[in-house]
Amino acid sequence: MELKTSPELADSSIPANLDIAPADPRVIGLYGVPGCGKSYLMKQLKQELGESDFQYFEGSEVINSVTVGGLNAFKKLDEHQKNQIRKLAINSIKSTCAQSGNVGIVIGHFMFWDDEASEQALRVCTQADLDTFTHILYVNTPVEVTAKQRTEDTERERLNVSIQHLHHWQETEIQEIRGLCRENDILFATIYPNLKGKLAILVRDFQRHDESHNGSVAEQLLDETISVHYDELQTVLFFDADKTLAADDTGARFWKRIKETKGEDDPLSALFGGPLKYSYTAFRQAMLLYEESTNDDEFDAICEELATYTHLYPQMSSLLHQAGRYNHVCPIIVTCGLRRVWEKIMEKAGLSNVIKVVGGNRITDRLVVTPSVKESLVTHTQQVHAAYTWAFGDSPVDLPMMIAAHQAIIAVGEQQSRSKSMEHNLLTAMVNDGLQARQALLPNNLSPPRLDIVRLPVVNLTEKLFLDSIFQPHKSSGGLRLYHATDSNAAKLLSTPMRDDNIRGPPQQKAHSKAGSYLAIRYLVELIDVEEFTMRHPQKKDIAGYRLLGEERTLIVPLMRGGQPMASGVNKVFPKAQFLHAKEPKDMKKEHLEGIVTVILVDYVINSGGSIVQFVRHIREMDGAVRIIIVAGVVQDQAVRGCSPIRAAARSTELTVVALRLSGNKYTGKGTTDTGNRLFNTAHLN
């Protein structure tokens, strides 16, 4: 089968000035034997999806538009010339979608085989098609229906072919297209019977889903899970599911059940063993295979059945139950397998309130879990939530997660059912990636170990010493200290002119400066302390005076521009302190911190805390010991509670926040209500 296109033809039927855009828009091919109903489905999609985000193309109409003389002239060309026109047509579609930013949906033909007597079909798909399509949906209408539609179609002349030939034609196309899609990194799905009713949902999913979106959804689900434990969180335990928590591979069991009822073999071994390997596209393709295999009710029933027959390893069950007793520990299952199965398993084990499952393999799950997702969730937990991480897994897809974690435990099951490639990959991870791991022999410490117990020491998951290493609270060098004057009469008086919309410009700056001076006198001198020095009294004698401890080694940093007036108020109280304007963290250089013992970051309003934390992290990268104090006029309540960036940063570094008042009114000023505009009496400043 020839899919490579030849050099451009010097032929009058082929326009020479057609631009071919190099961009990579999303283009969905809609394939199927002639008469299967592609045009009807296209009309349905146009009605449901609209035309603001999608563009619709009939392949023959595009060929007509790019051929000099139109479709009639095209039909008179030889196959070599026709292929060149087909290439121009698909590139025209690609260019149009790239320029509009819309998703293209294209009705096309893979092969023509109307002549039943011919042993060979005429394949008209080109490499240009395969380079353009990001997704292909195959309209595998039941051939009896297709035969009837071909007979009743009065608009097109079609040869009568037998149902047997239509079936062979359809199956040949499906098999060949599926293989070509895997070779060319294209997602593929057949529509009948289980995707017909959710076709628009599927196309919407194709529109928004990519690897970046996938990672964002995974992090969102992780953050939602962690937020339940956030006030006391110290440790997060990441568990793979199949063959780690139980001996079973629920995915293999799922496809065994499908074979029993529908005669379809497990397609996942061929998928992951093929050119896509364990890529994002491979896992997305696996999701489509699950969607093709069953409707939602059938899928849920099989998951329920699998959960009934899947039993956790006793040691793992005990570990999970114990994890549920500690508020500072958050256990999470992160599985490349079936989320719904493992949710049901946790429910039957009485653990649904203890452990949440991050997983996929249905459209409604909104994500697929890949090895890189597992790794990124561990890293995200460490960097954003400052938690200590453990990872439990059994196979090569778990290794990125285990390499990233602080502690890694390899679940080792019975020899005949464990991953055959794991030992080679383990050695590679140890040598090249510095993996330091231990192994747990399951069940009941009876399985033979992997490698040897010197390079991979054995742990007993039920032993007290091991459990203490997980569950005992970690000593933290961090912590958040919060001081505010919200309910004081002084705060009420000082904040009144700051909140008065009639006061703008210099009077507003003066009000902010007074607030900064108040916070310096009321809180900062108590937090930092004072030191004695000798000064000259008006009566011409030396007496003891007091100033901020290490005042000359203190750096005041107003976050521009809203923090400037308050910072000047702080500076009036500590006149010998150094002063540095900063709009972005990068404005602070390492030389600015030389000899500094205290950094005072000043801003008027802290909403989420994300911006101020960027400064904190930047300072910590340059100096791990300097004291950091945040001074603000208003701090939104949620910025110092729950799953906030400030709380996360304070897990790994001591952080002090001083505020004139806390507020539950979360509002970001715009235009004339912006604090900076009111301070400097400006309408707009870039």
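The lining of the largest pocket divides into 20 nonpolar, 9 polar and 16 charged residues; here Ala, Val, Leu, Ile, Met, Phe, Trp, Tyr, Cys and Pro count as nonpolar, Asp, Glu, Lys and Arg as charged, and the others, Gly among them, as polar. The model is predicted, so local features need pLDDT of at least 70 and side-chain atom pairs pLDDT 80 or more, while totals for chains, interfaces and linings use all residues. Residues are numbered from 1 along each chain as its sequence is written, and side-chain values use heavy atoms, leaving out hydrogens and water.

Of the 45 lining residues, Glu58, Ser60, His109, Phe112 and Arg156 lie nearest the centre of the pocket. A pocket is an open set of points on a 1 Å grid over the protein atoms alone, where a 1.4 Å probe fits, with protein on both sides within 12 Å along at least five of seven lines; lining residues have an atom within 4 Å of a point. Helix 4 gives the largest share of this lining, 6 residues; helices are DSSP runs of H or I with at least four residues, numbered from the N terminus.

Turning to the interior, the largest nonpolar core holds 153 residues, and Leu137, Phe239, Met316, Trp342, Met346 and Phe392 touch the most other members. Such a core joins buried Ala, Val, Leu, Ile, Met, Phe, Trp, Tyr and Cys residues through side-chain atoms within 4.5 Å, buried being under 20% relative accessible area with a 1.4 Å probe, protein chains only. Helix 12 (residues 280-293) supplies the largest share of this core, 8 residues. A second, separate core of 31 residues includes Met588, Ile619, Met622 and Ile646.

Conventions. Buried means under 20% relative accessible area, exposed over 50%, partly exposed in between (1.4 Å probe, protein chains only). Helices (H or I, at least four residues) and strands (E, at least two) are DSSP runs, numbered from the N terminus.
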